[in-house]
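Good morning, everyone, and thank you for making the time. I would like to walk you through one model today, going from single side-chain pairs to the contact between chains, so please have the structure open as I talk.

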Amino acid sequence: MLERIRSTLPLTTLLWCSAGLVITGLLVGGAIVALATRVLDQPSELKIIFSPSVQAVLIDTLAICVGTTLVTVSVGFILGVALRFAGIKSLWLILGVVLFPLVTDQIIRNYAFYFLFQDGGVWASLFGLFGVARPPQILYTRTGVVLGISHGLLALSVLPVWLSLQRLSDSELRAAQVHGARPLHVLRDLVVPASLPGVVVGAFFTFVLTLGYYVTPKMLGGRSGLMIAALIDQYINNLGDRLGAAVLSLLLFGLCLPFIALTPYMLNLLERRT
Amino acid sequence: MKRWELRALKGVSVPILLAILAPMGVIVVLSFCGGDTLTFPPQNWSLRWYEAVLTRSEWLRPIMNSLQVATTATIISAVVYIPAGIVLGLRQRFQWLLGVFVLPFVVPPLVLAIGLYEGLGALRNTFWALPLSHAIFASPVVVLVLRNAAQTIEAEGLRAARIHGATFFQAVRGIVIPQIAPSMAASALIPFLLSLNEPILSLYLSTPWNQTLPVKVWSSLRFNVSPATAAVGTISMVFSGLLLAVIVRLISLERIDKHV
């Protein structure tokens, strides 16, 4: 009887997953295949990947990815630690604030950024109060895009750090304190190592999501948008060049492939709890 | 933790949290502008734009479309992906399938949008294209939430049920579902929330007659910015916030019961 139970379960697993697998596989696979067939019609178009404008945008994109990852990981670490040590009321508050940008419309969020930092806007007025005539330019710069994307993706770094810090039990911390450890030592020897899996996972997903980010560079990024996704959109809407857009989309997908491959490993990293 | 350490942590966190909320706060304030243009701070305060948004069909139609698409996407997502999430949480085998289910999260939405636009061809003008794409967009979260919830089920209960002759489905219905019901409810609300606010797939796959709200907001920001957009934004944010609160409450209710 036990043998029968064990042997039927794998089939059941696959059966229950089948609908999801079919739909996800068909739609995602179909999208990629459609792009590939478009490009294979005219493979010579692939050379635009090496054109100077595309190369420049690629470099900008990677720079923005690195910048966003650094910002979100740092802020994510701080808020993750705060969540770990917060009381019940603070926990809800912080969690609510952190998760809120995730569920608001990106377009509205970025418009608020645009409104704040536009010429003659709030940002300029703040500096005007202190007598500074020209405030540092945020709009249409890499910094602005980094800030905008970080604002949206922060939750993606905070949550993994908090999750992995939950492995750190209160008794461990108290033991360290009893043995006379200064807070800085506790931070260095207990908190930071415990948070590392969360930091790595957060950085991983922030990086890959920033690679494909679309709305923020389009609204805050200026002419080229500074990122691949905005450039792709320009090819479609401004140039009407669907073929070029398909090529660049495949390029973007290619850049994401290593991340796709590593995703199950990253998810595993978060699960390993002692 | 000693007093001053907690205070230091608070001192650093609070400005960060305020900075996160600031852009949203600006939109809320802007929605009360009495005039026709957006000025900060508003020169005269009024509710007229809320009234305009809730009565004019140019806004009501996208709102209705959004709700319709979101509901459809939720049904598809729930029916297709909840079983997958449960099963992946209960069994340790086939974990590699997770790699497939998480694909829509890691593949950039723009690539999906353009690929689907090319691939679906004429099909993209049907009603189902957009809800379907929203459903797979939300599916990774659904699968992960349910998998997480199902992992807390103890195997002995299931095995006991199977030994006594229950089929897998009966065992799940009797043992698993009562325990993870809050997570299931939450994972049904998640696609609804994500679909309402989804801009990219909607921009590429919607048609002029099933324009969803984010698309309408986008075009209004490009062509005629007015406090109406801020009003719609505020309504949308409040609604999303409430939904989020419900979802988080549901998930945490379950965790607290199990001391996870």
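Let me begin with one pair in chain A, where the side chains of A:Asp233 and A:Lys218 meet in a salt bridge, at 2.6 Å from N to O. This pair links distant parts of the chain, since A:Asp233 sits in helix H10 of chain A and A:Lys218 in helix H9, which covers residues 215-220, with the two positions 15 residues apart in sequence. The acid of the pair, A:Asp233, counts as buried at 2% relative accessibility, whereas A:Lys218 is partly exposed, with a relative accessible area of 26%. I should say at once that this is a predicted model, and everything I quote should be heard with that in mind.

While we are in helix H10 of chain A, which spans residues 228-237, please look at A:Ala229, which is found there too. Is A:Ala229 buried or exposed? Its relative accessibility is 0%, so A:Ala229 counts as buried, the cut-off for that word being under 20%. Leaving aside residues up to four places away in sequence, A:Ala229 touches A:Gly212, A:Tyr213 and A:Tyr214, and also B:Leu110 from the other chain. In space, A:Ala229 lies 8.0 Å from A:Leu252, C-alpha to C-alpha, although 23 residues separate them in sequence.

Now to the other salt bridges, of which the structure holds seven over all chains. A second one within chain A is formed by A:Asp170 and A:Arg84, whose side chains meet at 3.2 Å, N to O. Because A:Asp170 lies in helix H7 (residues 170-178) of chain A and A:Arg84 in helix H2 (residues 52-85) of chain A, this pair ties together parts that are 86 residues apart in sequence. Here A:Asp170 counts as partly exposed, at 44% relative accessibility, while A:Arg84 is buried, with a relative accessible area of 14%.

How many salt bridges are there between chain A and chain B? The count is two, and B:Glu118 takes part in each of the pairs I describe next. With A:Arg38, the side chain of B:Glu118 meets in a salt bridge at 3.0 Å, N to O. B:Glu118 lies in helix H6 (residues 109-120) of chain B and A:Arg38 in helix H1 of chain A, so the pair joins two chains. For its part, A:Arg38 is partly exposed, with a relative accessible area of 27%. With A:Arg242, B:Glu118 forms a salt bridge in which the closest N and O atoms are 3.3 Å apart. Through shared partners, then, salt bridges join A:Arg38, A:Arg242 and B:Glu118 into one network.

That brings me to the contact between the chains as a whole, to which chain A gives 80 residues and chain B gives 81 residues. Between them, the two chains bury about 7,500 Å², with 83% of that on carbon and sulfur atoms. On the side of chain A, the residues that lose the most area to chain B are A:Trp16, A:Val103 and A:Ile108, which together make up 10% of what that side buries. As for polar contact, the count between the chains is seven residue pairs, both residues being at pLDDT 80 or more. Helix H1 of chain A, residues 2-40, supplies the largest share of the side of chain A that touches chain B, namely 22 residues. Sorted by class, that side has 59 nonpolar, 14 polar and seven charged residues.

One residue of chain B deserves a stop here, and that is B:Ser139, found in helix H7 (residues 129-150) of chain B. B:Ser139 is buried, with a relative accessible area of 0%, and its side chain reaches the backbone oxygen of B:Ile136 at 2.8 Å. Beyond residues up to four places away in sequence, B:Ser139 touches B:Ser77, B:Tyr81, B:Phe101 and B:Pro104, together with A:Thr24 from chain A.

I will finish with the largest nonpolar core, which has 176 residues, and in which A:Leu79, A:Phe205 and B:Leu90 have the most contacts. Its largest share, 14 residues, comes from helix H11 (residues 242-271) of chain A. Taking A:Leu79 as the example, its contacts outside the nearest four places in sequence include A:Ile94, A:Val98, A:Leu154 and A:Val158, and from chain B they include B:Ile16, B:Leu17 and B:Ile20.

Note on methods
Residues are numbered from 1 along each chain as its sequence is written. Chains are lettered from A and ligands numbered from 1 in the order in which they are written. This is a predicted model: local features need pLDDT of at least 70, side-chain atom pairs count only at pLDDT 80 or more; totals for chains, interfaces and linings use all residues. Side-chain values use heavy atoms; hydrogens and water are left out. Contact means heavy atoms within 4.5 Å. Buried area is the accessible area (1.4 Å probe) that two parts lose on being put together, summed over both. A salt bridge is a side-chain nitrogen of Lys or Arg within 4 Å of a carboxyl oxygen of Asp or Glu. A polar contact is a pair of N or O atoms within 3.5 Å; within protein, one must be able to donate a hydrogen and the other to accept it, and residues adjacent in sequence count only if both atoms are side-chain atoms. Helices (H or I, at least four residues) and strands (E, at least two) are DSSP runs, numbered from the N terminus. Ala, Val, Leu, Ile, Met, Phe, Trp, Tyr, Cys and Pro count as nonpolar, Asp, Glu, Lys and Arg as charged, and the others, Gly among them, as polar. Buried means under 20% relative accessible area, exposed over 50%, partly exposed in between (1.4 Å probe, protein chains only). A nonpolar core is a set of buried Ala, Val, Leu, Ile, Met, Phe, Trp, Tyr and Cys residues joined through side-chain atoms within 4.5 Å.
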